[in-house]
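I opened the model to look up cavities, salt bridges and a few odd residues. My notes follow in the order I worked.

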Amino acid sequence: MALPLLPDELLSSWLVRSALAQGCDPSVLTGAVWPRWRVWGLDVDRGVGAERLSALSRCAGLPASAFEAACLRRVVAPLNTGPLAEVGTWGWMLTLGARQGRRHGGLQMCPDCWVTQAVPYYQMSWRLAWQTCCRTHGVRLRDRCPHCDAPLEPHRLEAISGTLTLCARCLGDLRIGECPLWSEAASTFQQEADGVALTGQGTFWGVTLEAREWFAVVRRLLNLLRRAAKYPDSAVTAMFAALEVPTARLSSPATGLPLELLPVQEREGLFTALWPLLQADQNQWLQAALQAGVTRSAFLSRGETLPLVWESLLQALPEHRRVRQSKSDSRPPKSRRAVTRLYALLRRKI
């Protein structure tokens with residue numbers, strides 16, 4: 001297993017490439033390195049632990065530190081306000097949705113990069129939730145097979161495939177097919193987020209924030225955008241319109257899932273709407289909020305901690321007076337939106 005790790009390559013990508021180069025299935029190779037451990041039922045790109053890294057290092061002839069650097073814990077940990085959970089979603093890392101070795105998403109790639117690369121591989125940056133486009137080729141990233149719409153599952157390829165550029169379900173070439181052009185606003189936000197993750201700090205309203213604080217602000221803005229898409233006649237939507245957000249094109253994600261589980265086109269739509277909000281200064285925010293009649297409660301959500309940078313804005317907004325309504329014994333039928341969301345969730349699991 002003497003294949004070198006390529007620049008920015010994921011550990012899972014290297015494992016699949018190594019297996020195919022040895023003429024075996026990925027599960028056969030990992031079974032030889034880590035007996036009695038079903039690695040593909042987990043997300044190996046989160047990390048595999050020191051003992052298993054040592055075992056892999058002995059087999060591959062590469063330093064364990066190189067494999068550790070090919071995992072994403074060290075990248076996403078500084079972007080989250082709390083510790084990373086052993087089980088569950090990691091903030092800003094796309095979730096695979098692994099179950100019994102099958103995936104529901106989490107990987108994406110650039111077809112044009114794979115066409116030009118001598119050795120195609122999956123990059124670490126493509127697992128980050130704010131990545132929606134390739135800035136080199138100006139196209140949206142691809143997270144499903146263009147032939148059969150299956151998620152990208154290179155670990156399920158067989159030895160006969162020979163390359164990870166094929167779909168594990170239909171064996172179609174993932175590089176073929178038209179890829180939509182990027183959204184310029186989403187691309188600009190992607191570049192900004194890359195810079196914050198790299199330097200460890202960003203700015204909002206002229207205030208320098210640590211990376212985790214900046215990403216907490218972004219998370220809060222995304223939640224507000226999703227609420228505005230769900231309730232297009234709300235005061236929050238009116239505020240966003242005043243801040244030059246294209247509210248007419250806002251759409252609520254079909255499944256209602258967290259950002260890290262959304263398909264690339266839905267994340268791109270959110271980041272396109274997000275960029276004008278990051279560009280507006282504090283005075284523009286205050287004027288738009290007061291003009292739209294937004295109250296403090298719009299910025300407060302149960303279970304979420306409000307970033308400190310919002311405090312001055314909140315103090316200038318009026319309080320919301322809740323009107324208690326009598327409960328009704330009858331339950332109205334579910335709306336079309338609710339039924340569509342349930343169907344999208346079901347379809348994701350099939």
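**Entry 1: the cavity**

I sorted the lining of the largest cavity by class and got six nonpolar, three polar and three charged residues. In this scheme Ala, Val, Leu, Ile, Met, Phe, Trp, Tyr, Cys and Pro are nonpolar, Asp, Glu, Lys and Arg are charged, and the others, Gly among them, are polar. The model is predicted: local features need pLDDT of at least 70, side-chain atom pairs count only at pLDDT 80 or more, and totals for chains, interfaces and linings use all residues. Residues are numbered from 1 along each chain as its sequence is written, and side-chain values use heavy atoms, with hydrogens and water left out.

I found one cavity of 30 Å³ or more. The largest cavity holds about 70 Å³ of space. Its lining includes Trp40, Asp43, Asp45, Arg103 and His155. On a 1 Å grid over the protein atoms alone, a cavity is a set of points where a 1.4 Å probe fits but cannot get out; a pocket is an open set with protein on both sides within 12 Å along at least five of seven lines; lining residues have an atom within 4 Å of a point. Grid points are joined across faces, edges and corners, and a volume is the space filled by probe spheres set on the points.

**Entry 2: salt bridges**

How many salt bridges does a search of the whole structure find? I got ten. The criterion is a side-chain nitrogen of Lys or Arg within 4 Å of a carboxyl oxygen of Asp or Glu.

Asp43 and Arg127 form one, at 2.8 Å, N to O. Asp43 sits in the loop between α2 and α3 and Arg127 in the loop between α6 and β1 (133-134), so the pair ties together parts that are 84 residues apart in sequence. Both Asp43 and Arg127 are buried. Buried means under 20% relative accessible area, exposed over 50%, and partly exposed in between (1.4 Å probe, protein chains only).

Asp45 also bridges to Arg127, with the closest N and O atoms 3.1 Å apart. That pair links distant parts of the chain too, 82 residues apart. Asp45 and Arg127 are both buried.

I then checked Asp173 and Arg175, whose side chains meet at 2.9 Å, N to O. Asp173 is buried at 18% relative accessible area. Arg175 is partly exposed at 30%. Back at the loops, shared partners join Asp43, Asp45 and Arg127 into one network of salt bridges.

**Entry 3: the second largest pocket and α8**

The second largest pocket holds about 580 Å³ of space. Of its 27 lining residues, Thr81, Arg212, Ala216, Arg219 and Thr305 are the closest to its centre. Which helix gives the largest share of this lining? Helix α8 (residues 211-230) does, with eight residues. Helices (H or I, at least four residues) and strands (E, at least two) are DSSP runs, numbered from the N terminus. By class I count 14 nonpolar, eight polar and five charged.

I stayed on α8 for Arg226. Arg226 is buried yet has no salt bridge. The nearest side chain of opposite charge, Glu266, is 6.5 Å away. For charge, Lys and Arg are positive and Asp and Glu negative; His and the chain ends are not counted. Beyond four places in sequence, the contacts of Arg226 include Pro253, Gly256, Leu262 and Leu270. Contact means heavy atoms within 4.5 Å.

Leu225 is in α8 as well. Leu225 counts as buried, at 0% relative accessibility. Leaving out residues up to four places away, Leu225 touches Phe240, Val245, Leu250, Leu270, Ala273, Leu274 and Leu277.

**Entry 4: positive phi**

I noted Asp8, not a glycine, with a positive phi of about 65 degrees. Asp8 lies in the segment before α1 (11-21). Asp8 is partly exposed, at 35% relative accessible area.

Trp92, also other than glycine, has a positive phi near 75 degrees. Trp92 lies in the loop between α5 (73-76) and α6 (111-116). Is Trp92 buried or exposed? Trp92 is buried, at 2%.

**Entry 5: overall**

I closed with totals: 13 helices and four strands. Buried residues make up 47% of the 350 residues.
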